[in-house]
Structures are given as structure tokens and as C-alpha cells.
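Below are some remarks on the arrangement of the chains and on one helix pair, set out as numbered points.

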2 protein chains.
Amino acid sequence: MDSSVKKDRPVILVTNDDGITAPGLHALVDAVKDLGEIIVVAPDSPQSGMGHAITINQPLRLDKVEVYGTHLWYQCSGTPVDCVKIAIDKILHRKPDLCVSGVNHGSNSSINVIYSGTMSAAMEGAIEGIPSVGFSLLDYALDADFSASKVVARTVAKNILASGLPSGSLLNVNIPKLQLSELKGMKVCRQAMAKWREEFDERMDPNKRKYYWLTGKFINHDKGEDTDEWALANGYVSVVPVQYDFTAHHAIPFLNTMSYELEKLD
Amino acid sequence: MDSSVKKDRPVILVTNDDGITAPGLHALVDAVKDLGEIIVVAPDSPQSGMGHAITINQPLRLDKVEVYGTHLWYQCSGTPVDCVKIAIDKILHRKPDLCVSGVNHGSNSSINVIYSGTMSAAMEGAIEGIPSVGFSLLDYALDADFSASKVVARTVAKNILASGLPSGSLLNVNIPKLQLSELKGMKVCRQAMAKWREEFDERMDPNKRKYYWLTGKFINHDKGEDTDEWALANGYVSVVPVQYDFTAHHAIPFLNTMSYELEKLD
């Protein structure tokens, strides 16, 4: 472990996917700074939408950053998942006691959990056996107001440090764009069955070749009142436990009825 | 839809993460070519380890490829997930009847499902409501022998076209590095609880700056005989149903015991 990290307090790894200069990351550090020893390892550039990508075809850079004054800050040239992996192997040489990711500028509710670098960093922490949580604010603005998010992040982090999390799970916490006084509270939810309907924006470049921007409309088909989308639309912070066992156990009996005889190709 | 696609046969979208020139992709096309109308939309460069990444900070290119003769082939500058999204929105203008991804050069069993571009492409298909499956051969070699994989892929594709898949699920099919005659059969399994222990390889560049290559050891902690790792180690093709509802439903009761009172920061 970096020798300036004290060992008698919880070690808290902080990361994100918007990059080391994102205000949401600095808000998260501020929210948890007196709960333990803080080590920040964040991407050196924005990594939104990276999902659970890892960097295997090129090497990574890892550099200490001094300009933020307090705590230990590192920037990494890789993805959010790379940041968690390299933090454990090359900086901490042990598992931290808590891994917090975010605060993301923009929602990671419902199906967005699978596209989200913020949540993938937290999932990587959980796979490593670290109590882990990702925080996202429903506001994409660079100058978003993180004051309520900081209270939420601190509350959840204290809870987890005190009580841990059920085996094999991490938390996906999304925060409505509201003042603290307007929040109705926090609600444990399931992931809503929602999706994006893609509408690629087709344009012509100066050389008359087509190019496409990914855009889309978010569509929530799920009318349940136990979902994260319902909670967020009704003024609650949503807390969804997430797992990295992706097995669709409910599908196994049906699949066992199929015939799997392997016939030679002609 | 591209006007050369006939509408009276199943439309099969084929993609991968190793890129449009990978032998595994061409083997997969060969395996399913007479089961329907084939449209290939694959990355124009290798995208291994991209997980569920999407491209949001730069535009995409999409070009028809003529050199492979038969079928419709397109290459896309984005990730495997981008390929599925743009195929539906800009080429097919409808959902295909089946989405097959692979055959990946290398395993995507157990925890590798979450890092895999091959499986993320199939998962994107499933989110869109398309019966979807990813195939992977336990051989990283570029000149791997895909003859048994082709029989497996054809068998599974025929099964799915005939019977569909349970709602909310897709298949993760891994194939041992064996001849067809050596395969013991196919086995429906759950995802093994296994993980990677990272060991970054630290090197010095010519300018005396450190850089790191991601490496690691695969560790299977799971002794269950109902897992994909067990099946593969014992000569079976593993078939794991995968879901994109990541909710850890088992964790909800515990989380509901926590206190979530939001205290103002000082």
C-alpha cells in the first residue's frame, strides 16, 4: 500500500467514469472524506458509456495527481473497471473496505446499469469482495448541484461501513434532481424493465461520407411501483441491489426440455 | 430493411467482438447460413473486452463490405453493442428473428460474461426482444479449429428458431477445445462463481515512464457440478441462460432493515 495511507481507519476507494476533473467525483470525495482514508483512482478522461470494458490491447498509464491538495489522487488512462483493478494491485496491495463510484453526471437507473462505467467500477469492486456502491444524479449538467447527493452518499457509505452488504451484491443509488428538503426519502427498489429506442442521427461529413450519432428515446414499459423509475419519478432516492451472477435461473427448467443432439454438418 | 433481404425466411443478425475478419465470425455465418437470411454487422477492428460499452462521444461509421461474396456484410467503427443497435435502426428497420454473436476466439464462461463484447452484443439483442445467443470457443488462437463449434452453433440456432427462449433471457454457449467426436454433449448450467486475480505487468518505456499491461490468473472458487466451468472441464458444451435484470432480489429484505435517514452535512 502507498505508505502514506494509515491502516487504522477504513480505506475508501473512490472512482468514477466522468474522469478525474468531474465535479461529481470531487463532491463524492467531500461526502465521505471523514469516514476513512480516501484514495481516488479515476480515469484521466471521460469514460461514460464504457460499460464493463477493460483494456487488454494496449498498456495503461497510472500517475499520481498532486493538484487537489488533500488525500491521495491517481489518474489512470484506462476504463473505470481498469481503475479499480489497478488500484488494488498497484496502489493499495489489499482490498479497500469500501468502494464508491460517482457521483455520475446523469442517471444510471433501470437498464442504464449495464451501459454505465460508474456502475461497472462498483461491480468490479463487488466481484473483488469489496462492499461497493455507485451514485448517480439525474442531472447531466457539468455544474449540477450535488448538495443533496453528498448527503445521500454519506448516509449510504456510513450504512455500508457499519452493516456491510449481502453477499454477491452491490448498490445502484440514483438521486432525483431535487433539493435535500424536497427529497421524500430513500427507497429500496428493483430495476425497472425499461429500454432505449435507438434513433441514430445520420449526417454527411465534408467528404460526403455518412456518419452516425447514437441517440435514442428512453421508454419505461414497467408499471410497477416497486421499481427505481417509479421511486425517482416520485421524489425518492432509488437504491437497487445489483448482482454479478447473471444466470437467468428461471430459464433453466425450460432449457432442459430442449434437444441438444449434435448433428454432423454435411 | 436493405431491399435485398427476403422477408419470407427468418432474418438472422450475426455479429462478434473480434472484428469482421475473424475466422470465428465466418465460421458462425457458415453454420447458420441456410437457416435464414443472413445479415452480418461486425466491428471493423477487434473489440475484445469492451463489455457493454457504447459509443457516445464520437460518431460511428457504417460501411457495406463486398469482398465476402455471399450474404450482406457491414462493418461498423463502434463496439459490438453499437453494431446491434445500428443494424436494427439503419439496416434492418425491424428486429431480426435471431441474433447470434461470435464464435469468440476464447472463453466467455463464468465471470467473463461481464467483460465480453461477444456476450454484450447478444445481451443488447435480448434487451431489444430478439432471441439471442453468444458462442465462444475455448481457444484464443487465430487459426483455432471451429468445426465442432459450427455444429454446436447450428444446433442451438435451430432450437431457438423452433422454440424461442424464456422471456428476459439469452444464452451464453461455451465450447471446449475438442473434436466433435470427443464432446460429451451439451449441458444447461449456471454461471460459476469464479474471478480473475489481477497481476499488472509493470514495464518502463524508452522515456523512463512506467506503463502497465493487464494480466491475471483465473480462479474458480465454485465447486458446484452444475456450473459452466464444471461442464467445460468435463468435456461438455456449457449453455448458461443469462438475464439483463441485474436486481439482486435476494438482497432486498436485508436492505429494507437499514436506516436511510438523511442527515444534513455540517
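**Symmetry, interface and a helix pair**

1. A turn of 180° with a shift of 0.0 Å along the axis lays chain A on chain B with an RMSD of 0.0 Å, the superposition being by least squares on the C-alpha atoms of residues with pLDDT of at least 70 in both copies. That is the relation of a two-fold axis, and the same surface serves both copies, since 100% of the contact residues of chain A recur in chain B.

2. This is a predicted model, in which local features need pLDDT of at least 70 and side-chain atom pairs count only at pLDDT 80 or more, whereas totals for chains, interfaces and linings use all residues. Residues are numbered from 1 along each chain as its sequence is written, with chains lettered from A and ligands numbered from 1 in the order in which they are written.

3. Between the chains, 75 residues of chain A are in contact with 75 residues of chain B (C-beta atoms, placed from the backbone, within 7 Å). Helix 4 of chain A gives the largest share of the side that touches chain B, 7 residues; helices and strands are DSSP runs (H or I, at least four residues; E, at least two), numbered from the N terminus.

4. Within chain B, helix 2 (residues 80-92) and helix 3 (residues 117-127) pack at an angle of about 30°, with their axes 7 Å apart (axes are lines fitted to C-alpha atoms over the stretch in contact, and angles run from 0 to 180 degrees between N-to-C directions). That makes helix 2 of chain B roughly parallel to helix 3 of chain B (under 35 degrees; over 145 is roughly antiparallel, 65 to 115 roughly perpendicular and the rest oblique).

Definitions and conventions. Contact = placed C-beta atoms within 7 Å.
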